[in-house]
Amino acid sequence: MAGMTPTAAGTGRKVSAARERLLATAGQLFYAQGIHTVGVDRLVARAKVTNATFYRHFPSKEDLAVAYLDGVDQAIRAQIDALTATDAPPGDVLRGIGASLVEQIRSPGYRGCAFLNAAAEFPSPDHPVHRAVVRHRDWFLRTVTGLFADIAGASAEHAGRHFVMLRDGAMSAGYLGDPVLAGETLLRGIEGLLRVHTAHGLDEDAVPGSDLPPAATAVPDVACSPPRA
């Protein structure tokens, strides 16, 4: 009914318009420019609220950052819930997740994975922002692993981890390189993973992990991180 104050879904609590503006503003600025780069004064000015209003809803900028990531997490959960609600086979749900990722990678303003970006800014495992990233990734891994387990129990954990690595690589490559090629590579990788996993499920004698290649010899002096002091 017009004129009614909206409430948070399932809670009966009134939704603060100022809080929603702060979250929307944070979502735009944190994702586009980084959490550390954006100060409270800028958030307050862009959201058209006072400093007192900001701190009434969020004791610190880090609390707002956690709420921002939780909002992204909830949106992804809702998207996957919508896919599973169609009663599609688990393989098609996994393909649908891949298609959604491709759409995101190719969208204007795409700047990589919000969670990987936040983890890079907050590397300490004890920081609330880092913990929010880990919560989301743990849930996502459990979700895709469960979908693979619905196809075949054998090697479902391996397949789930492989899917997450494909996702991480595609989201980074789509930002740093050609988003079209990154998306195509992701979809091909998912199809290949589904074929291999389904074949393992048909082979009742398959031993999880038996398909791992022999250990390779490390090439010395090749690293993506600075040398240790």
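## Salt bridges, core and hollows of a nine-helix model

In this structure, the side chains of D168 and R137 come together in a salt bridge, with a distance of 2.7 Å from N to O. The pair connects distant parts of the chain, since D168 belongs to helix α8 and R137 to helix α7, and 31 residues separate them in sequence. The two partners can also be described by their surroundings: D168 counts as buried, at 15% relative accessibility, whereas R137 is partly exposed, with a relative accessible area of 26%. The model in which this pair is found is a predicted one.

### Overall build

The protein holds 9 helices and 0 strands, and along the sequence it follows the pattern α-α-α-α-α-α-α-α-α. Of its 229 residues, 34% are buried. Among the contacts between residues at least 6 apart in sequence, 65% join residues that are at least 24 apart.

### Further salt bridges

The structure holds 6 salt bridges, including three that are set side by side in the table below.

| Salt bridge | Distance, N to O |
|---|---|
| D168 and R137 | 2.7 Å |
| D70 and R135 | 3.6 Å |
| R95 and E191 | 2.5 Å |

Why does the salt bridge between D70 and R135 tie together parts that are 65 residues apart in sequence? D70 lies in helix α4 and R135 in helix α7, so the pair joins two helices across that stretch of the chain. D70 is partly exposed, with a relative accessible area of 26%, and R135 likewise counts as partly exposed, at 43% relative accessibility.

The side chains of R95 and E191 form another of these salt bridges. R95 lies in helix α5 and E191 in helix α9, so the pair ties together parts that are 96 residues apart in sequence. R95 counts as partly exposed at 32% relative accessibility, and E191 counts as partly exposed at 28%. These two residues also take part in a network of salt bridges, in which D92, R95 and E191 are linked.

### The nonpolar core

In soluble globular proteins, nonpolar side chains tend to be buried together. In this model the largest nonpolar core contains 54 residues, of which F30, I97 and F163 touch the most other members. At least two residues of this core come from each of α1 (17-33), α2 (40-47), α4, α5, α6, α7, α8 and α9 (179-202), and the element that gives the most is α7, with 8 residues.

What does F30 touch, if residues up to four places away in sequence are not counted? The neighbours of F30 are then I35, V38, L43, K61, L64, A65 and Y68.

### The largest pocket

The largest pocket has a volume of about 450 Å³. It is lined by 21 residues, and those closest to its centre are V72, I76, Q79, Q104 and M171. Two or more lining residues are given by each of α4 (61-84), α5 (90-105), α6 (114-121), α7 (128-151) and α8 (156-176), with the largest share, 8 residues, coming from α4. Sorted by class, the residues of this lining are 14 nonpolar, 5 polar and 2 charged.

### Two cavities

How many cavities of 30 Å³ or more are there? The count comes to 2, and they can be described in turn.

The largest cavity has a volume of about 40 Å³. Its lining is made up of F30, Y31, I35, Y68, R111, A114, N117, A118 and E121, so that F30 appears here as well as among the core members that touch the most others. The elements that give two or more residues to this lining are α1 and α6, and the largest share, 4 residues, comes from α6. By class, the lining of the largest cavity has 6 nonpolar, 1 polar and 2 charged residues.

The second largest cavity has a volume of about 30 Å³, and H136, R137, F140, V164 and R167 line it. R137, the partner of D168 in the salt bridge described at the start, is thus one of the residues around this cavity. Helices α7 and α8 each supply at least two residues of the lining, and α7 gives the most, with 3 residues. The lining of the second largest cavity divides into 2 nonpolar, 1 polar and 2 charged residues.

Conventions:
Residues are numbered from 1 along each chain as its sequence is written. This is a predicted model: local features need pLDDT of at least 70, side-chain atom pairs count only at pLDDT 80 or more; totals for chains, interfaces and linings use all residues. Side-chain values use heavy atoms; hydrogens and water are left out. On a 1 Å grid over the protein atoms alone, a cavity is a set of points where a 1.4 Å probe fits but cannot get out, and a pocket is an open set with protein on both sides within 12 Å along at least five of seven lines; lining residues have an atom within 4 Å of a point. Grid points are joined across faces, edges and corners, and a volume is the space filled by probe spheres set on the points. Ala, Val, Leu, Ile, Met, Phe, Trp, Tyr, Cys and Pro count as nonpolar, Asp, Glu, Lys and Arg as charged, and the others, Gly among them, as polar. A nonpolar core is a set of buried Ala, Val, Leu, Ile, Met, Phe, Trp, Tyr and Cys residues joined through side-chain atoms within 4.5 Å. Buried means under 20% relative accessible area, exposed over 50%, partly exposed in between (1.4 Å probe, protein chains only). Contact means heavy atoms within 4.5 Å. A salt bridge is a side-chain nitrogen of Lys or Arg within 4 Å of a carboxyl oxygen of Asp or Glu.
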